[in-house]
Amino acid sequence: MDERQLRILRELGELGSVTAVAEALLVTPSAISQQLRLLQRPIPVPLTERRGRRLVLTDAGQALARAAIEVETALARARHSVGEFLDHEEGEVSVAAFHSAGTTFFPLLLRALTGPGAPVVRLGDEDVAQEDFPRLTRAYDLVLAHRLDHAPPWPDTVTAATLLREPLDVAMPAGHPLAAKRRVTPRDVADQPWITVHDGFPVLATIEAIAAAAGRRLRLAHRINDFTVVAEAVAAGGGLALMPRWTMRPHPDLVLRPLSGVQARRHIDVLHRPERTARAAVRTVLAELRRAAHRIRGGETA
């Protein structure tokens, strides 16, 4: 077995098909299949199996794919140690974030990482379903992702660290009758129209929890993912919405009220492939993200 074959096995486990691996590695599907056959030859147990039209990893294949992460990490470190790359802090570091995290974290990164000796950050916004965040670590050094408190942990193909555990409050127009309350309950809000995200995005699970606690189905009037658009829709009377407490700028026409009786909080995590932090520049940006999170928690974002 060689490094390329292990990389293909690892990508097959993450991407789920030979065609997707071929597209990611810019080769033909037949070339991927050939490398998998070469990898299989000296191994006495099957590494892959057919499930319908898909080729998936067996338990042995999954074990080898996990080992491939360690191999790739070690090889990355070995290559970097040849030169000064490991200690070079002025290199480029790519960072992706979903919209509300980018709104808050990106300006703080750009202001902090200036001047000689600082890494050059390349920023990208990526609004994807929760399950798709780990795949972004193929294209970016660091990925800001979000999940709810009770959601399953990220897969062990990536390294994850929590930057924020951010409350989700109920947003309403400043003149709304519920604005007079210091906190609201699921029963308070159950008969109101709601603005929420599309299927597959983390906030929706909290909406479902509110409905379960209230004992009735909520009326979902609008499906909007971008919180800045949601804020304007709420202010215009389109309905209530869950809004992050720290990573959205205050809107002059809205009030946020904490929600009782339901666990309404999301994790903002930073994900990366283990080998990425072999670079000093990536470690520098990661440390700056942690400092930014501390400022955000304290309410200081300027």
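**Cavities, a pocket and a helix with one buried side**

Let me start inside the protein. Sorted by class, the residues lining the largest cavity are six nonpolar, four polar and two charged. Keep in mind that this is a predicted model.

How many cavities of 30 Å³ or more does a search of the whole structure find? Two. The largest holds about 110 Å³ of space.

Now for its walls. One stretch of the lining is Phe98, His99 and Ser100. Asp127 and His146 also line this cavity. So do Val197, Phe201, Pro202 and Val203. Asn225, Asp226 and Phe227 complete the list.

On to the second largest cavity. Its volume is about 40 Å³. Ile195, Thr196 and Val197 are in its lining, and so is Val203. Ile224, Phe227 and Val230 line it too, along with Ala241 and Leu242. Three elements each give two or more residues to this lining: strand β7 (193-196), helix α9 (227-235) and strand β9 (240-244). What is the class make-up here? Eight residues are nonpolar, one is polar and none is charged.

If you are following on the structure, pick out Val197, Val203 and Phe227. You will find them in the lining of the largest cavity. You will find them again in the lining of the second largest.

Next, the open space. The largest pocket contains about 430 Å³. It has 18 lining residues, and those closest to its centre are Gly13, Glu14, Pro155, Asp156 and Thr157. Helices α1 (3-15), α4 (59-80) and α6 (133-136) each supply two or more lining residues. Which of the elements gives the most? That is α4, with four residues. By class, the pocket lining splits into eight nonpolar, four polar and six charged residues.

Let's move to helix α2. Which of its residues are buried? They are Val18, Val21, Ala22 and Leu25. These residues span an arc of only 100° around the helix axis, so they sit on the same side of α2. What do they pack against? Helices α1 and α3, and strand β2 (54-57). You met α1 a moment ago, as one of the elements lining the largest pocket.

Straight after α2 comes Leu26. This residue belongs to the loop between α2 (18-25) and α3 (29-40). Look at its backbone. Most residues other than glycine have a negative phi. Leu26 is not a glycine, yet its phi is positive, at about 60°. Is Leu26 buried or exposed? Its relative accessible area is 76%, so Leu26 counts as exposed. Compare Leu25, one of the buried residues of α2.

Last stop, Val255. Find it in strand β10, which covers residues 254-257. Why does Val255 count as buried? Because its relative accessibility is 18%, and the cut-off for buried is under 20%.

What does Val255 touch, leaving aside neighbours within four places in sequence? One run of contacts is Val170, Ala171, Met172, Pro173 and Ala174. Ala179 is in contact with Val255 as well. Finally, a distance. Val255 and Glu232 are 23 residues apart in sequence. In space, their C-alpha atoms are 12 Å apart.

To recap: two cavities of 30 Å³ or more, a largest pocket of about 430 Å³, and a helix α2 with its buried residues on the same side.

Notes:
Residues are numbered from 1 along each chain as its sequence is written. This is a predicted model: local features need pLDDT of at least 70, side-chain atom pairs count only at pLDDT 80 or more; totals for chains, interfaces and linings use all residues. Side-chain values use heavy atoms; hydrogens and water are left out. On a 1 Å grid over the protein atoms alone, a cavity is a set of points where a 1.4 Å probe fits but cannot get out, and a pocket is an open set with protein on both sides within 12 Å along at least five of seven lines; lining residues have an atom within 4 Å of a point. Grid points are joined across faces, edges and corners, and a volume is the space filled by probe spheres set on the points. Ala, Val, Leu, Ile, Met, Phe, Trp, Tyr, Cys and Pro count as nonpolar, Asp, Glu, Lys and Arg as charged, and the others, Gly among them, as polar. Buried means under 20% relative accessible area, exposed over 50%, partly exposed in between (1.4 Å probe, protein chains only). Contact means heavy atoms within 4.5 Å. The arc is that of the directions from the helix axis to the C-beta atoms.
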